[in-house]
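User: Hi! I would like to go through this model with you, one question at a time. Could you take me through the reasoning each time?

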Amino acid sequence: MVKNFLKYIKPSAKNKILFFLEYIYLIVINFLKLIIKKLSSIVPINYYENLMPYALNFQYFRKIKNIKIFNSREKLWEYAIDKIGSNKPILFMEFGTFEGYSIKYFAKKIQDQNSIFVGCDTFTGLPEKWNRMPKGMWDVDGNIPITNDNRIKFVKGKFQDTFDEINSYIDLNKNILFHFDADLYSSTLFLLTKLDFCKNYYAIFDEFTGHESRALYNYCQSFDAKVEFYGNTKGYANTPHRVFCKISKLN
Ligand SMILES: C[S@@+](CC[C@H](N)C(=O)[O-])C[C@H]1O[C@@H](n2cnc3c(N)ncnc32)[C@H](O)[C@@H]1O
């Protein structure tokens, strides 16, 4: 309609009308942008944080939809042990140990006597609130799990305070498997960045679609790391729950 109308008027007037229409268009667009920005600024921050993992699954981590699916975390763990193989001893380090169920499971399945298992935890529960879970959730009164397997060691305290001790167990000559089961963004991002020097290692995330995937995304962005996914279990709305992958540095 505008085109037809412009056919009948002089070129100089045509330019003025086009200029005017463009001007109105920009005013409307900028006004709409302003409204969206104003509305966005009052949305609680945790809404963005909680929604972001779904966008990450769909966009940044979309390759997960093509990997193997397991119907229990134990089956995924066994697949991880098989995939890593036994050409070298394994260093299994767990971040979030609680009563020791997962670390003991791995130690039972990996019989190699030169492999080592390190469980790291406050053992007084979460250092901060996680979604609906309060600070202190998974508190075992500071007691480390009981075991008679002398390959299993524990580091007690907040990762941020005990990292030197955690670091003392890291042996780059072993096949490394890190079990990230701390649930929290802060804990997971802290570890991923501190462990960056390991360069190539296997990892299992226990609560992937949530804080952990956000931490992994931010770590990859900042440290130029890449992730190759191998297997997962499904959780709420068929999203990746436990995820087994390999993390490597691009340079
Ligand atoms: C879900 S539980 C671990 C469960 C365990 N892997 C299992 O399968 O039985 C999460 C644990 O992470 C620990 N955690 C989270 N952030 C931590 C931090 N910054 N330092 C030490 N422990 C932390 C909590 O104390 C809690 O015991």
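User: Which helix holds L56, and is L56 buried, exposed or partly exposed?

Analyst: Happy to help, and please keep in mind that this is a predicted model. L56 lies in helix 3, which covers residues 45-58. A buried residue needs 20 or more other C-beta atoms within 10 Å, and an exposed one has 12 or fewer. Because L56 has 19 C-beta neighbours inside 10 Å, L56 counts as partly exposed.

User: Which residues does L56 touch, leaving out those up to four places away in sequence?

Analyst: Here we set aside the residues up to four places away along the chain. What is left for L56 is a set of four names: F61, S213, R214 and Y217.

User: And how far is the C-alpha atom of L56 from that of K153?

Analyst: Along the chain, L56 and K153 are 97 residues apart. In space, the separation of their C-alpha atoms is 35 Å.

User: Let's move to the strands. Which strands does strand 6 pair with, and in which sense?

Analyst: Strand 6 takes in residues 200-205. With strand 5 (residues 175-180), strand 6 pairs in the parallel sense, over four bridges. With strand 8 (residues 240-249), six bridges are formed and the sense is antiparallel. Your partners are therefore strand 5, parallel, and strand 8, antiparallel.

User: Which residues stand opposite Y202 and Y201 in those pairings?

Analyst: On the strand 5 side, L177 is the residue opposite Y202 of strand 6. For Y201, the bridge partner sits in strand 8, and that partner is I247.

User: How many residues of strand 6 are buried?

Analyst: Strand 6 has six residues and is mostly covered. The number of them that are buried is five.

User: How do strand 7 and strand 8 run relative to each other, and which residue of their hairpin takes a positive phi?

Analyst: Strand 7 (residues 225-234) is joined to strand 8 by eight bridges, and the two run antiparallel. Bridge partners here include E228 with K246, and G231 stands opposite F244. Five residues lie between the strands of this hairpin, and the one with a positive phi, near 55°, is A237.

User: Which other strand is joined to strand 7, and what is the bridge partner of F70?

Analyst: Strand 1 (residues 68-70) is joined to strand 7 by three bridges, and these two run parallel. Across that pairing, the partner of F70 in strand 7 is T233.

User: Is N232 buried or exposed, and what does N232 touch?

Analyst: N232 is found in strand 7. N232 counts as buried because 25 C-beta neighbours lie inside 10 Å. Leaving out residues up to four places away in sequence, N232 touches I64, I67, I69, L76, P240, H241, R242, V243 and F244.

User: Where are F98 and D224, what phi do they take, and are they buried, partly exposed or exposed?

Analyst: F98 lies in the loop between strand 2 (90-95) and helix 5, whereas D224 is in the loop between helix 8 (208-223) and strand 7. Neither is a glycine, yet F98 has a positive phi of about 55° and D224 has a positive phi of about 55°. Since F98 has 18 other C-beta atoms within 10 Å, F98 is partly exposed. D224 has 11 C-beta neighbours inside 10 Å, so D224 is exposed.

User: Which residues have the most contacts inside the largest nonpolar core, and what does F180 touch?

Analyst: The largest nonpolar core has 44 residues, and those with the most contacts inside it are F95, F117, F178, F180 and A203. Leaving out residues up to four places away in sequence, F180 touches F95, T188, L191, A203, I204, F205, D206 and E212.

User: Which residues come nearest to the ligand, and which elements give two or more residues to the shell?

Analyst: There are 20 residues around the ligand, and the nearest are G96, S102, W138, A182 and S187. The elements that give two or more residues to this shell are helix 5 (101-109) and helix 6 (159-168).

User: How do the residues of that shell divide by type?

Analyst: The charged residues number five and the polar ones seven. The nonpolar residues of the shell number eight.

User: Finally, which domains are assigned, and how far apart are their C-alpha centres?

Analyst: The domain assignment gives domain 1 (2-42) and domain 2 (47-249). The distance between their C-alpha centres is 53 Å.

Notes: Residues numbered from 1 in each chain as written. Predicted model: local features only at pLDDT ≥ 70, side-chain atom pairs only at ≥ 80, totals over all residues. Core = buried A, V, L, I, M, F, W, Y, C linked by C-beta atoms within 7 Å. Contact = placed C-beta atoms within 7 Å. Near = placed C-beta within 6 Å. Nonpolar A, V, L, I, M, F, W, Y, C, P; charged D, E, K, R; others polar. Domains from an automatic or database assignment. Pairing = 2+ DSSP bridges.
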